[in-house]
Amino acid sequence: MKHGIYFFDRSIFTTAIQDFTAVIKEDPMNAQARLYRGRAYAIQQQYRNAVEDLSAALHLDPFCWLAFYHRGCILRHVDPKRALQDFSVSVLINDTQENFCSFLHRGVIYAEQSQWSFAICDFESVLALDRSVVFAYLSIGLIMLLHLDQYYKAIQLFTEAIQADPLNVRAYICRAQAYHKIHNLGDAVRDINRAIHLYPSKSQLYILRGKYLMEMKKYELSRLCIYQVSEMDEESFKSQPVQWALIQSFCQNHNKAIERICDVITVQPEPSMYVLLGKLQMKAKKTKHAMESFKMATKLMVSSGKTLPNTFEAAEMHYLIGLCYMERVNLLQARDAFSTAIRLHSTYADAFYQRGLCRMQLGQAACIQDFNQALALCPSHFQAYMSRAVYYGSKGRYSKAILNCNEALKINPNSVRAYFYRGTLKYQNKTYQVAIEDLSKTIDLNKSCVLAYYNRAVSYHQIKDFRKALKDYGILLLLELNKEIVLKVLINRGLLYVELGDYSNACEDFKEATLHSPFDSQIFQAIGVCYHRINKFEEAVRSFNQVLRLDPLSVDAYVARGNSYMENRQEPDRNQAQKDFLKALHLNPKCVKARIGLGYNLQALGKFQKAWNQFTVAIDIDPKCHAAYDGRASVCLEMGDTFAAFQDTNAALKLTTTAALLTNRGVINQFMGYLSCAMRDYQNAISVDPDYALAYFNAANIYFRNRQFSQALGYYSKALQLEPRNESAVLNRAITNTLLKNIKEAIEDFEKAVSLCPFSAAVYFNRANLFYGLKQYELADKDISTALSIQPNDALMYKFRADIRAKLGFRKEAVDDYKQAISIQEQINSM
């Protein structure tokens with residue numbers, strides 16, 4: 001017996017069994033020999049022999065707790081009920097620390113049978129006997145965590161397990177999961193980090209940490225965890241090839257992932273493996289190979305004896321085939337594949353949705369029925385609501401499309417796409433203010449959403465909020481945009497500047513736009529118009545030249561270039577302008593703008609009858625063209641036919657009421673001597689456009705003529721406020737201030753008139769009058785001399801200088817000036 005126990009303690013079980021067998025032959029009633037031989041048989045996995053020996057030992061010694069324990073261990077998996085009885089008897093005989101394993105094993109069986117309270121009692125009994133048994137802490141903690149939802153109690157137990165064994169990896173993992181349950185992600189990540197430190201080769205720990213970091217919205221760190229897993233030794237994934245392939249696919253190592261699944265398929269050619277292979281090939285953009293994989297999966301399913309109809313597995317294969325067809329833009333085949341998927345599984349919401357997309361791209365109205373069916377099966381199908389919104393939007397049913405966007409936002413309240421599209425729909429619906437609200441929300445969610453900034457800028461433009469529109473266009477140009485969007489932004493901002501009257505900035509935007517589209521004649525046309533508006537006529541001509549190089553048949557370019565030539569007021573330029581107007585009329589004889597331009601050109605050349613004819617033809621072409629009536633009126637006025645001019649101006653005013661036309665009629669009334677009517681027209685012009693300077697100037701002239709100097713002064717001042725470089729208004733105000741004895745203001749106005757028009761004899765003559773009245777004869781003499789140097793044959797100015805020099809005592813010079821004045825007057829009289 002001692003010999004057998006010696007070999008048993010040294011794990012030489014074959015020799016021990018022989019010794020114990022010899023003892024039993026000699027003494028069949030030896031319970032101890034039966035116990036030891038049963039334990040040796042159990043270790044050598046000869047469970048039947050072991051159970052027989054342990055049962056014999058118990059028959060011989062019913063109080064042998066160790067035999068009950070070991071028999072319970074053997075029967076635990078094959079006969080849990082009998083094992084429970086054995087463990088219970090064992091602890092009944094011996095409930096000391098020596099037999100705590102019986103409590104432990106019985107607790108495990110109770111846990112496997114979901115008898116949680118009994119299991120917890122046994123594990124607590126273990127801890128009462130030995131506080132260092134970590135397994136007991138973990139077992140109670142897992143029951144609390146996984147089945148009783150007592151997360152804080154579970155955390156406490158896992159913490160005690162860690163205190164008992166600080167190097168126990170499982171305790172840290174379990175506590176991390178408990179922290180995750182109470183949304184304490186920071187502590188969960190810390191525990192996983194400790195577990196990784198203890199067990200750095202465990203890939204599952206990195207994956208779990210990546211999951212927790214993703215829930216904390218630390219996406220870069222989460223992605224890094226997956227990359228760390230992908231770089232781990234491939235040998236550690238031998239038992240998990242599918243998981244390794246999925247990780248490689250996530251890290252964009254698609255070829256490695258596909259290669260591994262292909263290796264699996266050679267050993268395990270199942271439909272599910274081919275489906276997984278196809279999905280990986282789709283991610284790798286190998287659509288053709290993916291389709292072959294899915295088709296192979298369907299063939300295997302049929303050949304394996306599985307019924308193809310009415311199974312989701314088969315339906316999914318056809319659904320994936322349909323996605324492949326869509327990727328390759330084979331819409332008819334895709335539609336048929338989705339139809340097959342629906343036939344196999346009639347509640348496949350995604351299949352209805354994808355078939356709806358196919359039908360929408362094919363222009364089939366039945367697509368809306370598929371979207372409706374998808375939503376009936378899955379009311380939270382965000383994409384179906386958005387696609388239905390797109391469909392209604394394409395049909396111009398904006399209100400219904402907006403309602404679908406509303407439903408989509410109920411499902412995903414932070415969807416950039418839904419807010420952006422709803423904002424676009426509201427813009428199309430001309431509800432610009434609410435469109436701006438949605439587009440602003442889009443920008444709040446995604447600061448770099450280029451199209452949201454663009455559409456919001458256009459919406460601001462529509463409601464005339466130019467400052468905010470300019471701000472959005474400016475932000476867009478700071479972002480990294482493609483060439484097409486940059487071009488649109490520059491053109492839109494240029495047009496906005498034009499609307500604001502800021503032609504300089506508009507010109508700069510249009511010039512930059514030409515760098516992105518150097519062959520667009522319309523942009524050069526816009527540049528020319530801007531140059532014309534800021535009085536840079538030579539640059540305008542060059543821009544229109546470029547337009548005509550790009551588009552030699554552009555009537556608008558010829559007309560615009562002709563107008564620019566006209567502004568130079570030189571004879572050669574007027575002749576060139578006439579050629580341009582005639583060329584435009586050759587291309588389009590009914591071009592009213594060209595007729596009007598030619599009319600003004602002929603008028604400037606003194607060919608009044610021909611000019612009158614051109615304006616008349618323009619009126620015949622377009623009887624509602626007020627500019628033609630206005631042009632003919634100016635010709636009539638210059639020809640001395642004031643009544644005809646008056647009639648044409650009235651005809652223009654019947655078509656449209658503008659400050660310029662009212663002012664022109666006022667001028668005609670003034671020519672005809674109807675000053676009160678003229679004043680009424682000027683006042684009406686001011687009421688139509690309070691910023692029209694010419695109306696103020698002409699009204700001031702009438703007040704001046706009627707010696708209403710105070711009123712004249714006010715109107716001259718208003719005219720100069722609107723048009724500070726109007727030298728005539730400055731001179732007239734200076735004279736008015738002189739008559740009102742506003743000497744200081746008069747002198748300031750004369751100085752300004754001199755700076756604006758240094759070669760005007762009238763300015764110096766009138767200032768000389770002022771100095772003469774102030775008895776500043778030397779200054780008066782200097783100004784009248786300057787006036788005579790500019791206009792030397794004026795008898796009145798010689799006579800005035802003679803008077804001044806007489807006051808200065810220069811009698812000889814005064815007499816010479818009187819004689820010169822008489823000589824000039826005699827020459828004039830003799831002519």
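1. Some terms first: helix axes here are lines fitted to C-alpha atoms over the stretch in contact, and angles run from 0 to 180 degrees between N-to-C directions. Helices themselves are DSSP runs (H or I, at least four residues), strands are E runs of at least two, and the numbering starts at the N terminus. With that in hand, helix 41 (residues 693-705) and helix 42 (residues 709-722) cross at roughly 160°, and their axes come within 8 Å. That makes helix 41 roughly antiparallel to helix 42 (angles over 145 degrees get that label, under 35 roughly parallel, 65 to 115 roughly perpendicular, and the rest oblique).

2. A word on what you're looking at. This is a predicted model, where local features need pLDDT of at least 70, side-chain atom pairs count only at pLDDT 80 or more, and totals for chains, interfaces and linings use all residues. Residues are numbered from 1 along each chain as its sequence is written, and side-chain values use heavy atoms, with hydrogens and water left out.

3. On the overall make-up: the chain has 48 helices and zero strands. Of its 831 residues, 48% are buried (under 20% relative accessible area, against over 50% for exposed and in between for partly exposed, with a 1.4 Å probe and protein chains only). The chain exposes about 42700 Å², and carbon and sulfur atoms supply 52% of that area (Shrake-Rupley method, 1.4 Å probe; for residues, only the protein chains shown count as cover). As for contacts (heavy atoms within 4.5 Å), take those in the chain with a separation of 6 or more: 43% of them join residues 24 or more positions apart.

4. Back to helix 41 and helix 42, whose crossing is left-handed (the near helix is turned anticlockwise from the far one by less than a right angle; clockwise would be right-handed). Which residues meet there? From helix 41 come Ala693, Tyr696, Phe697, Ala699, Ala700, Asn701, Tyr703 and Phe704, and they meet Phe709, Gln711, Ala712, Tyr715, Tyr716, Lys718, Ala719 and Leu722 in helix 42. By class, that contact has 13 nonpolar residues, two polar and one charged (Ala, Val, Leu, Ile, Met, Phe, Trp, Tyr, Cys and Pro count as nonpolar, Asp, Glu, Lys and Arg as charged, and the others, Gly among them, as polar).

5. Helix 42 also packs on helix 43, with a crossing angle of roughly 150° and axes that come within 9 Å. The two are therefore roughly antiparallel to each other, and helix 42 crosses helix 43 in a left-handed way. Helix 42 brings Phe709, Ala712, Leu713, Tyr716, Ser717 and Leu720 to the contact, while helix 43 brings Ala729, Val730, Asn732, Arg733, Thr736, Asn737 and Leu739. Sorted by class, the residues of this contact are eight nonpolar, four polar and one charged.

6. For another pair, look at helix 38 (residues 642-655) and helix 39 (residues 659-671), which pack at about 160° with their axes 10 Å apart. That makes helix 38 roughly antiparallel to helix 39, and the crossing is left-handed. Thr642, Ala645, Phe646, Thr649, Asn650, Ala652 and Leu653 of helix 38 meet Leu661, Leu662, Arg665, Ile668, Asn669 and Phe671 of helix 39. Eight nonpolar, four polar and one charged residues make up this contact.

7. Is Asp509 buried or exposed? Asp509, in helix 30 (residues 503-516), is buried, with a relative accessible area of 3%. Setting aside neighbours within four places in sequence, Asp509 contacts Leu490, Arg493, Gly494 and Tyr497.

8. Leu142 is worth a look too. Leu142 sits in helix 9 (residues 134-146) and counts as buried at 18% relative accessibility. Residues up to four places away in sequence not counted, Leu142 touches His147, Phe158, Arg170 and Cys174. Arg175 is 33 residues from Leu142 in sequence, and the C-alpha to C-alpha distance between them is 9.4 Å.

9. Two backbone spots to check by eye are Lys464 and Lys741. Lys464 is not a glycine, yet has a positive phi of about 65°; Lys464 lies in the loop between helix 27 (450-462) and helix 28 (466-478) and is partly exposed at 49% relative accessibility. Lys741 likewise has a positive phi, near 65°, in a residue other than glycine. Its place is the loop between helix 43 (727-739) and helix 44 (743-756), and Lys741 counts as exposed at 65% relative accessibility.
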